[in-house]
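User: I'd like to learn how to read strands, sheets and helices in a model like this one. Could you walk me through it, feature by feature?

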Amino acid sequence: MGENERPNKVLKAGANDEPIVEEVDSDIDKSYQYESEAFNSPILSDEEDRRPKFHEFDDDTDNGEVNFEVGEIFDTMTQFKQALNDMFVFEGKKLEYIKNEKYRVRANCVEEGCPWLILTSWNSQKMYFQVKTYVKEHTCSRNLTSNMASRSWVTSKLVKRLVTQSQLSPKEALEHMKDDYNLHIHYKMISRALKAAREEVIENEKEQFEKVRDYLSELHRSNPGSTAIVDVIPQLESPPMFDKIYISLYAYKRGFKAGCRPLIKLDGCHLKGYFGGHLLSAVAQDANNHFFVIAYAVVDSECTEAWRWLLTLLQEDLGSCTEFGWNFISDQ
Ligand SMILES: [Zn+2]
């Protein structure tokens, strides 16, 4: 998803060879002319907020709470279609695309006589997708046999769930679908979807570990003066294995010394991902009593050895606690 899903303006040579900029969606059905003119207001300046007064769709919209409105903004057509699909799954209705083009989609409810309708297209002046027409009321009733939830749809929802609940069982997955999407799924389908989701999550996490070195060198490049260290365990016949990582950005260290109380709280918690591990952190409080992160580490287990490693690096970063008078608190 991204720039490659966004169309360019269509350029045509005019009579005097001046290019004429034509809206990609200019041939929109004229029966939908009640769309607001404000959608096509000119861009005033580069500094002008490109998201002025329309509601921008939030990817974190809660399950079953997708609610469209005219003027609503979407970054990509995929984002819009996923939201649309979620809504129809939740409502137990069936969707039909009347027009399904790259930059313009018109969909209605499949039930005959039901007026529900939505039209979303690319706004080439503002460079985003936008709901142009929306008739939100259904006159049809919930169709218990309709099922807009494909296995890949269920899998994508479970991938999201596994991020915070890595030990999700098929039974819990069934309940999640029932509670959050109003959806009754066959046990066989949920087991398969869960297996596929788990494989996807593991693959994603593996890829992230493989990028750790790139991430650290980018941190060093963009935040000079930062400490970002990864320890690995050498392997005989394969690439080295991740052991632990420590990060304290230059701004953390400077901010702590400049404006925080000399009291450092050490804390640790489990990480919920497939590979587990622990997150260790050293935080202080700023003048507004807000938490201020000084350093954090990801380690295999929260043992004395791991804390000693973090505190040694922290002392190198901040200076000796006897010299500067830092105090520590911890519930360990
Ligand atoms: Zn309907």
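User: Happy to start with a strand pair. Which residue stands opposite Arg106 in β6?

Analyst: In β6, Leu119 is the residue opposite Arg106. As for the general idea, helices (H or I, at least four residues) and strands (E, at least two) are DSSP runs numbered from the N terminus, and two strands pair if DSSP finds at least two bridges between them. Here β5 and β6 pair in the antiparallel sense over five bridges. Before we go on, note that this is a predicted model, where local features need pLDDT of at least 70 and side-chain atom pairs count only at pLDDT 80 or more, while totals for chains, interfaces and linings use all residues. Residues are numbered from 1 along each chain as its sequence is written.

User: Good to know. What does Leu119 face in β7?

Analyst: Leu119 stands opposite Thr133 in β7. Strand β6 (residues 117–123) and strand β7 (residues 128–135) pair in the antiparallel sense, over seven bridges. The two form a hairpin with four residues between them, and in the turn Met127 has a positive phi of about 65°.

User: And on the β4 side, how many residues are in the hairpin that joins β4 to β5?

Analyst: Three residues lie in that hairpin connection. Strand β5 (residues 104–109) pairs with β4 in the antiparallel sense over five bridges, and Lys99 stands opposite Arg106 of β5.

User: What order do these strands take in their sheet?

Analyst: The order is β3-β7-β6-β5-β4, an open sheet of five strands with antiparallel pairing. Its edge strands are β3 (73–74) and β4, each pairing on one side only.

User: How do I read burial, and is β6 mostly covered or hardly covered?

Analyst: Count neighbours: a residue is buried if 20 or more other C-beta atoms lie within 10 Å of its own, exposed if 12 or fewer, and partly exposed in between, with C-beta atoms placed from the backbone. By that count, β6 is mostly covered, with six of its seven residues buried. Strand β4 (residues 95–100) is hardly covered, and the count of buried residues among its six residues is zero. For the whole protein chain of 332 residues, buried residues make up 19%.

User: Now the other sheet. Which strands sit at the edges of the sheet that includes β8?

Analyst: First the layout: an open sheet of six strands runs in the order β8-β9-β12-β11-β10-β13, with mixed pairing. Its edge strands are β8 (227–233) and β13 (327–330), and each pairs on one side only. The twist averages 20° from one strand to the next; axes are lines fitted to C-alpha atoms, for helices over the stretch in contact, and angles run from 0 to 180 degrees between N-to-C directions. β8 and strand β9 (residues 241–248) pair in the antiparallel sense over seven bridges, and Val230 stands opposite Ile245 in β9.

User: Which strands of this sheet does helix α5 touch?

Analyst: Touching rests on contacts: two residues are in contact if their C-beta atoms, placed from the backbone, lie within 7 Å. Helix α5 (residues 212–222) packs on the sheet and touches β8 and β9, its direction making about 160° with that of β8. Helix α7 (residues 304–318) packs on the sheet too, touching β8, β9, β11 (278–285) and β12 (291–299), and its direction makes about 35° with that of β9.

User: Let's turn to helix α4. How far does it reach from its first C-alpha to its last?

Analyst: The expected span of a helix is 1.5 Å times one less than its number of residues. Helix α4 (residues 187–210) has 24 residues and reaches 35 Å, close to the 34 Å expected. Its buried residues are Ile190, Ala193, Leu194 and Ala197, and what covers them includes α2 (151–164) and α3 (170–181).

User: Why are α2 and α4 called oblique to each other?

Analyst: Angles under 35 degrees count as roughly parallel, over 145 as roughly antiparallel, 65 to 115 as roughly perpendicular and the rest as oblique. The axes of α2 and α4 come within 8 Å and cross at roughly 55°, so the two helices are oblique to each other. The contact includes Val154 and Leu158 of α2 and Ile190 and Ala197 of α4.

User: Last one: is Glu210 buried or exposed?

Analyst: Glu210, found in helix α4, is exposed because it has 11 other C-beta atoms within 10 Å. Glu210 and Phe242 are 32 residues apart in sequence and 8.9 Å apart in space, C-alpha to C-alpha.
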